[in-house]
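Me: I have a structure to go through with you, and I would enjoy taking it one question at a time. Could you explain your reasoning as we go?

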Amino acid sequence: MTEETEIRTDMLSADGLATLLRLIVAQASLRVSRASVDSRLVWIKRYDVERMPLAKRLHSLVSPLLPVFLRSSPTTGSAEAIAREMRKLASFRAAGFAVPDVVFSNQSVLVLSDVGEVVQKTLMDSLPTDPARHDDLLIDLARALGEAHRAGLCHGRPHPRDMFLRDGRIGFLDFEEEPEAVMPLPMAQARDAWLLFLQISPRAALPETQARALAAYRAAAPLEIIPALRTLTTFFARAMAPLRLVPNGLIGKDGRRAIDATDFLSRALGKAPPSNSKVSMTGRERPRGQS
């Protein structure tokens, strides 16, 4: 064991640790795998088996030239990416949110406790039989994200597959993005909200669900996020205008989802802020803590 290895010894027996190390070696080619160790399920995440996709590398290259909310999270190696995820896990836990436990980590592997069924599975199961419960859960997601934002946190890529239910509250997992490192926190949080509504808007089964979800988010989130969210959605509403002329069969599911969510947020949030607003798309703002 190297001194760089960090282990939650209170969560593993000696046999469990030996089993886990054997599994890590045996499954060295898998990005994510599930296993049973000490009679409990764990998830093994490797950060050294996938090369960054070309599109992501290009995004990182041109990122400094893009509007601030389009910038990519800092490019990191395996050790830095694991440290980032562990840091964000600790921040969410400290703020009172449920997150997975860190069972084991080293410079290329992070092992997390299983959290049970993720919200995406719960949504899929409830939609056919109980659309009201399905949509109430969507509203809970928006509220939970607003609460996280009020606590000064940013998920980075909120999605129903990155959230779970525990004791009636929403928990969070998979903290692999850190937009707040390259843009002001309110804009990073606004980006969070927009990404979540890319999931809420197309999934909503009942007509008032989108409005109720936005109201729940706004009631929980800090006020300064709304101008940033308005700026972001105004930009995308204009940028996506030509896509509205493309037939649904050609635009794809993700494109239609982005249009629907952006259209709803644009209508719900009203006009863009005046030109002297402190919220800008130039990227000249610096993240908190930088001079």
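Me: How many Å does α7 reach from its first C-alpha to its last?
Reply: Happy to help, and please keep in mind that this is a predicted model. Helix α7 has 12 residues, and at 1.5 Å a residue the expected reach is 16 Å. The model comes close to that expectation, with a reach from first C-alpha to last of 17 Å.

Me: What arc around the axis do the buried residues of α7 cover?
Reply: The buried residues of α7 are Thr209, Gln210, Ala213, Leu214, Ala216, Tyr217 and Ala220. They are on the same side of α7, because the arc they cover around the axis is only 160°.

Me: Which helices do the buried residues of α7 pack against?
Reply: We have just met these residues, Leu214 and Tyr217 among them. Their packing partners are four helices, namely α5, α6, α8 and α10.

Me: Let's turn to α8, then. How many of its residues are buried?
Reply: Helix α8 covers residues 225-239 and reaches 21 Å, close to the 21 Å expected. Its buried residues include Ile225, Leu229, Leu232 and Phe236, and also Arg230 and Thr233. The helix is largely enclosed by the rest of the structure, because the buried count out of its 15 residues is 11.

Me: Which helices are included in what covers the buried residues of α8?
Reply: The residues to be covered include Ile226, Ala228 and Ala237. Their cover includes α5 (131-150), α6 (185-203), α7 (209-220) and α10 (253-269).

Me: Now a loop residue: is serine 73 buried or exposed?
Reply: Serine 73 is placed in the loop between α2 (54-62) and α3 (78-94). Its relative accessibility is 11%, and the cut-off for buried is under 20%. Serine 73 therefore counts as buried.

Me: Which backbone nitrogen does the side chain of serine 73 reach?
Reply: Beyond its neighbours within four places in sequence, serine 73 is in contact with Arg84, Glu177, Glu178 and Pro179. One of these contacts has a backbone nitrogen at 2.8 Å from the serine 73 side chain, and that residue is glutamate 178.

Me: What about the strands: which residues make up the covered face of β2?
Reply: Strand β2 takes in residues 32-37 and has two faces. Val32, Arg34 and Ser36 belong to the uncovered one. The covered face is made up of Ser33, Ala35 and Val37.

Me: Which residue in β3 stands opposite serine 33?
Reply: Strands β2 and β3 run antiparallel and are joined by six bridges. On β2, serine 33 belongs to the covered face. Across from serine 33 in β3 stands isoleucine 44.

Me: And which residue in β5 is the bridge partner of isoleucine 44?
Reply: Strand β3 is also joined to β5 (residues 109-113), by five bridges, and these two strands run antiparallel. Within β5, the partner of isoleucine 44 is valine 111.

Me: Which residue in the turn between β2 and β3 has a positive phi?
Reply: The two strands form a hairpin with two residues between them. The residue in question counts as partly exposed because its relative accessibility is 36%. Its phi is near 50°, a positive value in a residue other than glycine. The residue is aspartate 38.

Me: Where does aspartate 174 lie?
Reply: Aspartate 174 has a phi near 60°, a positive value in a residue other than glycine. Its place in the chain is the loop between β7 (169-172) and α6.

Me: How far apart are the C-alpha atoms of alanine 151 and alanine 221?
Reply: Alanine 151 is in the loop between α5 and β6 (163-166), and at 40% relative accessibility it counts as partly exposed. Apart from neighbours within four places in sequence, alanine 151 is in contact with Ala95 and Phe97. Alanine 151 and alanine 221 are 70 residues apart along the chain, and their C-alpha atoms are separated by 8.7 Å.

Me: To finish with the whole protein, what percentage of its contacts with a separation of 6 or more comes from residues 24 or more positions apart?
Reply: The protein has 10 helices and seven strands, and buried residues make up 46% of its 291 residues. Of its contacts with a separation of 6 or more, residues 24 or more positions apart account for 69%.

Terms used
Residues numbered from 1 in each chain as written. Predicted model: local features only at pLDDT ≥ 70, side-chain atom pairs only at ≥ 80, totals over all residues. Heavy atoms only, no water. Buried < 20%, exposed > 50% of the residue type's maximum accessible area, 1.4 Å probe, protein only. Polar contact = N/O pair within 3.5 Å; in protein donor to acceptor, adjacent residues only side chain to side chain. Contact = heavy atoms within 4.5 Å. Pairing = 2+ DSSP bridges. Expected span 1.5 Å × (residues − 1). Arc of directions from axis to C-beta.
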